[in-house]
Amino acid sequence: MTSATLLTPARPSSRPEHLSTSRRSVRTDQRAYVRALVVLDAAVLTVAVLAGYAARFGDSVPREPVPYVLVAPGLVLAWLVSLKVLRCYDDRVIGYGADEYRRVSMASLRLAGATAIAGYVADVGVSRGFLAISFAVGTVGLEVARFAARKRLHRARSQGVGWSRRVLVVGDTAHVLELVHTLRREPYAGYQVVGACIPDALLAPVAQRLDDVPVVGSFRGIPEAAAAIGADTVAVTACGELTATRLRRLGWQLEGTGIDLVLAPALTDVAGPRIHTRPVAGLPLIHVEAPEFRGARKLVKGLVDRSASLVALGLLLPLLAVIALAVKLNSRGPVLFRQTRVGQGGREFGVFKFRTMVLNADALLAELATRNETDGLMFKMRDDPRVTRVGRLLRKWSLDELPQLVNVLLGQMSLVGPRPPLPAEVARYDGDVARRLLVKPGMTGLWQVSGRSDLSWEDGIRLDLYYVENWSLAADLTILWKTFGAVVNSRGAY
């Protein structure tokens, strides 16, 4: 698609005073969210300190001559100051990413260490049990409170009413559109694109749009364009005309305006732990580590998978027996359904599932092919007539996939990984998609916690490839945690 076909006339822009009002409204919402976080943190820390006192002393009077009526509020105040000093209320980190949680934990740990050292040096008789319980409860409470606040913010952002940054995207047509689509794919991240600046050569006498994004200027007047549309962030994409000198001058021009400058490199779908920025000869070079497909961490992942699946099978045995009986009584045929799937390295294996369809489901597939509700290589149908009554219930809660714990125990699958594909799908893979086979398929994965059957084929592949390139044990634990929420909400399950 050429740039000419992407540029369309734009509607008349709003008046500057209206746009500046929008920017002030965003700042007001952002400050209100930060104030709410401070109040929430103060409440959590107050409860933590009271819990520490009650757990340590109960109804008894402390033996140490320490005025806990002053120590307790002093500890809460010091904790809030520690959170502020470590920039836990910085609008650049709150609301998205893991950095917010790391800073909160670091602030708590540093204060705990400083308190312990100060107490030892000053020989203050504050109960160590009181401090230990308070810090333990407070640290966990802060993380839980931040998680709850973030989820509420994400829901508001997805509905278009939450505090979000107003972004002016700068670059050539292709890269501007790519960044716009990437940011809109995850609206809960809080980046709302409100305009674009493109090279002079692409500008026309009339107002233009890139898809539905208004083109508000060229590279000559980026700060003025950002101020005119009420943007608080300028995101610069890859573009040959934006030289290092022009970028440096743009940074100088934005100083003191309250507008942040963000550089979006052409490299995408790479997780933070694989990226290291090192200054070399005045250049911030980005070093990208290669994906890890073998080694000690892989051995640990396999050990954790098999151990967890063995424990889960033991604990879920009564539930598995009840489900098996329900499947047997509901319709004629075997309890388990064994289907050939492709695993790591292209090796085929039989994946186990509770049978959720009638016996001749495969024969009926050809008749239903025209009613496929998804793109790509998979067949998905929301009201599939082949699914039994019990099968619909099992699929809704993903209970039909529990027998795959046996596949995990046998080393054919992992608890977390890409979706296990059919041989017919793999036969039509191109070079990029085939990278899904570099790791073991999983019972759950990013596709599971991001919408399952509601995802398009392209989005599902993108998530699978992202996992393959950036997997980690910490990410696996996060995905397993999110899986419970996805299953309870039955998102994309049919």
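Which residues of α10 are buried? Keep that in mind while you get your bearings.

You're looking at a predicted model, where local features need pLDDT of at least 70, side-chain atom pairs count only at pLDDT 80 or more, and totals for chains, interfaces and linings use all residues. Residues are numbered from 1 along each chain as its sequence is written, and side-chain values use heavy atoms, with hydrogens and water left out.

**Whole chain.** Start with everything shown as cartoon: the chain has 17 helices and 13 strands (DSSP runs numbered from the N terminus, helices being H or I of at least four residues and strands E of at least two). Of its 494 residues, 41% are buried (under 20% relative accessible area with a 1.4 Å probe, protein chains only; exposed is over 50%, and partly exposed lies in between). Switch on the surface and you have about 26900 Å² exposed, 62% of it from carbon and sulfur atoms (Shrake-Rupley method, 1.4 Å probe).

**Helix α10.** Now select residues 317-330, the 14 residues of α10. From first C-alpha to last, α10 reaches 20 Å, close to the 20 Å expected at 1.5 Å a residue (the expected span is 1.5 Å times one less than the number of residues). Show side chains for Leu320, Ile323 and Val327, and there are the buried residues of α10. They sit on the same side of α10 because they cover an arc of only 65° around the axis (taken from the directions from the helix axis to the C-beta atoms). An α-helix has 3.6 residues a turn, so residues three or four places apart point the same way.

Add α9 (296-315), β11 and α12 (389-396) to see what the buried residues of α10 pack against. Then flip to the face turned away from the buried side, where Pro318, Val322, Leu325 and Leu329 are exposed.

**Threonine 356.** Next, pick threonine 356 in the loop between β11 (348-354) and α11 (361-368). Is threonine 356 buried or exposed? Buried, with a relative accessible area of 7%. Leaving out residues up to four places away in sequence, threonine 356 touches Arg386, Val387, Thr388, Gly391, Leu394, Arg395 and Asp400 (contact means heavy atoms within 4.5 Å).

**Strands β3, β4 and β5.** Finish with residues 191-197 and 213-217, where β3 and β5 pair in the parallel sense over two bridges (pairing takes at least two DSSP bridges). Zoom in on cysteine 197 and its bridge partner in β5, glycine 217. Bring in β4 (residues 208-210), which runs antiparallel to β5 and is joined to it by three bridges. Leucine 210 stands opposite valine 213 in β5. The β4-β5 hairpin has two residues between the strands, and aspartate 211 takes a positive phi near 60° there.
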